Amino acid sequence: MKSRLTATGLSLLLGVSLAHATPDPEKLYETHCLSCHAPNRLGGMGPTLLPESLARLKKPEAAKAIAEGLPATQMPAYKEILTADEIKALAAWIYTPPTHPPKWDAEDIKASRIVYADAVDLPAKPVFKADPTNITLVVEHGDHHITVLDGDVMEPIVRFPTRYALHGGPKFTPDGRFVYWATRDGWITKFDLWNLKVVAETRVGINTRNVAVSSDGKYVMAANYLPHTLVALDGKDLSLVKVIPVVGNTGKTSRVSAVYDARPRNSFIAALKDIPEVWEIPYDDRPVYKGLVHDYRLKEAIPEPGPLPVRHIVLDDYLDDFYFDQNYDYILGASRTSPKGQVIHLGAGRKVAELDLAGMPHLGSGITWERKDAEGKPQRVMASPNLKDGLVTVIDMKTWKTIKTIPTAGPGFFLRGHEASPYVWADVFFGKNHEIMHVIDKQTLEIVANLTPSPGQTATHVEFDRYGKYALVSIWEMDGALIVYDAKTHKEIKRLPMKRPVGKYNVWNKTRLSEGTSH
Ligand code: DHE
């Protein structure tokens, strides 16, 4: 931070009143912010300061952050350096579009890559004694750290800092050795979990959604809001393989809501925010034909050249939030605006049914399990929390009908279960009851327990250990905690203090595509 004469100081010095001089936020940015937040507000050591990146931050909060700084970050307080008007002007200005449209192209991506020499060619053997398949990563949002937990004894093995604002699930290679994560500012990190070292980092975009890893570990695919691209990296060293501009059949470009690995199909599936299409991107040698809409085996069409061709599945409605069935034959999708969900058969490339979904379902957080129907026959269901209404929707995976709407104490974000557990756990993330965690019986579809792990504090995102013995709950507060519950008795076993912990990721459950968690 550079010191500088304030407008008030200058006016005293000159003996004139500058009280009404209009602050020049662009100049203020250059003087005070550019060294950390980079030219064109693209982000560097500090986060990106563009309207798209600030969508989740209210303007008064931005002004407060400038005035008072941010705890547990390098952001200093400016209230002694800038006037209130200057702070206000600066806070307003960062929400305006930049004069030069921001760009992040192949050259920027290549130039950003960092390979850490001390993490190359390390032995394929864990440096810790814990079972590497039962490790759980905990993302701590509060001070941007990851804790690596031994899942058998629920003790931290190591805790290390990450880049700013990691979002979405870290994705493991099938052997569980390497894990990749994305930050909202576009950084993709490859981490060697057995050697506890960062291997490489590449910045793929300005505003990034999430990352997926191909089931052969060959490709890492990142989804961007800004620019409108998907970016494929080499899974080995995060070098650039391909930038895929996201342009629909009509020529319109789109933000990518998220990208997922569809393991049984050897392909990535991308959810698009601004065009009514879903993209499938095979990563095996399967030919994909240009112009293809419904069936990639159309022989008369022209094959798209090069690796990672795109199959456009054109739909009647937008789909930006997905749930896949366990075989990846179907997508259950919804847009954040339409009351009807769609069931898409991926092979046929078209809608086969509609879903009755009240409120705003969070299908990306859906899970599945088997129960018995009224006649005692096995019935596979999927359930989704709801971001707007206090309910969990349960859908029959054969008829696609809603078989139950379970009322909850408020809108929820995450729902989690485990093959070995008779219960699913649903949080109440929003509203006055955000301290409550519901436990739902998989068979009766009734709430059997309402836990209040930490009165007055937000309880969220449950994840299980490999065996379904423990249920881990995040207390999403700066001085929060990870609470370990006995998954059978719902009794607290221990609590580990953590800084605003959110997502937790167990190697076994994620690499074995457990039906009780997201993949
Ligand atoms: Fe997330 C996953 C989208 C806000 C924490 N979130 C995801 C995924 C998507 C998504 C598409 C799946 C990606 C993956 O795992 O590969 N999230 C969105 C949104 O659209 C939304 C509502 C608004 C936004 O601005 O992005 C949103 N998400 C949040 C939060 O506010 C949360 C609670 C805190 C944060 O990190 O910003 C949050 N999202 C998470 C977590 C996961 C996630 C912990 C991974 C869950 C898992 O178990 O896999």
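This is a short talk through the iron site, one sheet, and a few backbone details of the structure above, which is a predicted model.

Let me begin with the metal. The iron atom of the ligand has a single donor from the protein, the NE2 atom of H167, at 2.2 Å, and H167 itself sits in the loop that runs between strand 4, residues 155-161, and strand 5, residues 171-172. I would add the caution that water is not among the atoms, so sites may look incomplete.

Around the ligand as a whole there are 24 residues, of which R56, H167, K171, N210 and S518 come nearest. Sorted by class, that shell holds eight nonpolar, nine polar and seven charged residues. Among the polar contacts, a polar side-chain atom of H141 lies 2.9 Å from a ligand oxygen, while a polar backbone atom of G169 is 2.7 Å from an oxygen atom of the ligand, and an N or O atom in the side chain of R416 is likewise 2.7 Å from a ligand oxygen. As for the elements that give two or more residues to this shell, they are strand 9 (207-213), strand 13 (256-262) and strand 33 (501-506).

Strand 5, which follows the loop holding H167, takes us to the sheet. This is an open sheet of five strands in the order 1-8-7-6-5, with antiparallel pairing. Strand 1 (114-115) and strand 5 are at the edges with a single partner strand each, so one side of each has no neighbour in the sheet. Strand 5 is joined by two bridges to strand 6, residues 178-182, and in strand 6 it is V179 that serves as the bridge partner of F172.

Now to the backbone, where it helps to recall that most residues other than glycine have a negative phi, and most peptide bonds are trans. A165, which is not a glycine, has a positive phi of about 55°; A165 lies in the loop between strand 4 and strand 5, and at 13% relative accessibility A165 counts as buried. L238 is also not a glycine and has a positive phi of about 60°; L238 belongs to the loop between strand 11 and strand 12 (240-245), and is buried with a relative accessible area of 0%. The peptide bond from L226 to P227 is cis, with omega near -5°, and P227 is in the loop between strand 10 (219-226) and strand 11 (229-234).

Finally, helix 3, residues 59-68, has A62, A65, I66 and A67 buried, and the buried residues of helix 3 pack against helix 4 (84-93). Just after helix 3, G69 takes a positive phi of about 75°.

Conventions: Residues are numbered from 1 along each chain as its sequence is written. This is a predicted model: local features need pLDDT of at least 70, side-chain atom pairs count only at pLDDT 80 or more; totals for chains, interfaces and linings use all residues. Side-chain values use heavy atoms; hydrogens and water are left out. Donors are N, O and S atoms within 2.8 Å of the metal (3.2 Å for Na, K and Ca); water is not among the atoms, so sites may look incomplete. Helices (H or I, at least four residues) and strands (E, at least two) are DSSP runs, numbered from the N terminus. Two strands pair if DSSP finds at least two bridges between them. A residue is near a molecule or strand if one of its heavy atoms lies within 4 Å of it. A polar contact is a pair of N or O atoms within 3.5 Å; within protein, one must be able to donate a hydrogen and the other to accept it, and residues adjacent in sequence count only if both atoms are side-chain atoms. Ala, Val, Leu, Ile, Met, Phe, Trp, Tyr, Cys and Pro count as nonpolar, Asp, Glu, Lys and Arg as charged, and the others, Gly among them, as polar. Buried means under 20% relative accessible area, exposed over 50%, partly exposed in between (1.4 Å probe, protein chains only). Contact means heavy atoms within 4.5 Å.
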